[in-house]
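Please open the structure in the viewer and keep the selection tool at hand. The tour proceeds from one selection to the next and states what is to be found at each stop.

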Amino acid sequence: WMGRLVCSVPYLWGVCVPWTARGVARVPNDDTDGLSVEIPREKVSVHFSRASGPGGQNVNKLNTKVDVRFVLAEAEWLPQHVRERFACLYPQRINKAGEVVVTCMTQRTQHDNLKGAFRLLQQMLYEAAHVPKERIPTEPPAYAKERRLQEKRLRSLEKTRRRAKWEE
């Protein structure tokens with residue numbers, strides 16, 4: 001990762017977002033297990049609009065809400081298995097046109113919401129790229145089975161004692 005560069009897109013002048021020199025957004029994550037998923041800037045559309053919720057005059061004056069969109073089926077920059085897993089994990093993020101929509105309006109500034117949207121998208125892509133290990137079913141050991149049966153017997157005996165008390 002080369003570091004943070006100031007984006008040269010006119011409506012983002014002065015916004016320090018994690019772009020590399022090739023125009024690729026990268027958000028480092030400590031839990032990546034060595035996975036590297038890059039988001040090419042030319043394949044992603046970013047739109048700003050007015051955010052809702054509390055904020056006083058600020059929400060009426062500034063376009064701080066960020067929508068990051070891309071068409072999942074046309075995202076050749078993602079491997080096929082990542083696209084399929086992303087569609088399975090996040091169907092609520094895909095609209096009828098097949099676009100992935102990530103929205104962020106938690107902060108008061110465009111800059112922070114832009115970083116938050118790309119960080120959320122990056123985390124979702126890492127989750128989709130990470131294939132969990134298959135669980136190998138195992139048998140519980142004999143002592144665990146015996147302990148479970150002993151606890152069941154004791155619990156049954158306790159319930160039987162309570163019942164006998166009420167029947168008298």
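How many aromatic pairs does the structure hold? There are two aromatic pairs in this predicted model.

**First stop: an aromatic pair**

Select F86 and Y90 and display their rings. The ring centres lie 5.1 Å apart and the planes meet at 50 degrees, so the pair is tilted. Colouring by accessibility adds to this view: F86 has a relative accessible area of 0% and is buried. Y90, with a relative accessibility of 16%, also counts as buried, because the limit for that class is under 20%.

**Second stop: the cysteines C88 and C104**

Next, select C88 and C104. Is C88 buried or exposed? C88 counts as exposed, at 66% relative accessibility. C104, by contrast, is buried, with a relative accessible area of 9%. No bond between sulfur atoms need be sought here, as the structure holds zero disulfides.

**Third stop: a link between two strands**

The tour now turns to charged side chains. Across the whole structure, a search finds five salt bridges. Begin by selecting E99 and R69, which form a salt bridge whose closest N and O atoms are 3.0 Å apart. To see what this pair links, display strand β7 (residues 99-104), which contains E99, and strand β6 (residues 65-71), which contains R69. The two residues are 30 residues apart, and their pairing links distant parts of the chain. Both partners can then be examined for accessibility: E99 counts as partly exposed at 22%, and R69 is partly exposed with a relative accessible area of 25%.

**Fourth stop: E139 and K145**

Move on to E139 and K145. These residues form a salt bridge, with 3.5 Å between the closest N and O atoms. E139 is exposed, its relative accessible area being 63%, while K145 counts as partly exposed at 38% relative accessibility.

**Final stop: a network involving helix α4**

Lastly, select helix α4 (residues 142-167) and show the side chains of E158 and R162. These side chains meet in a salt bridge, at 2.7 Å from N to O. Why are E158 and R162 separated by about one helical turn? The two are four residues apart in helix α4, and therefore about one helical turn lies between them. E158 counts as partly exposed at 34% relative accessibility, and R162 likewise counts as partly exposed, at 43%. Now add R155 to the selection: salt bridges with shared partners join R155, E158 and R162 into one network.

Key: Residues numbered from 1 in each chain as written. Predicted model: local features only at pLDDT ≥ 70, side-chain atom pairs only at ≥ 80, totals over all residues. Heavy atoms only, no water. Phe/Tyr/Trp six-rings, centres within 6.5 Å; stacked < 30°, edge-to-face > 60°. Buried < 20%, exposed > 50% of the residue type's maximum accessible area, 1.4 Å probe, protein only. Disulfide = S-S within 2.5 Å. Salt bridge = Lys/Arg side-chain N within 4 Å of Asp/Glu carboxyl O.
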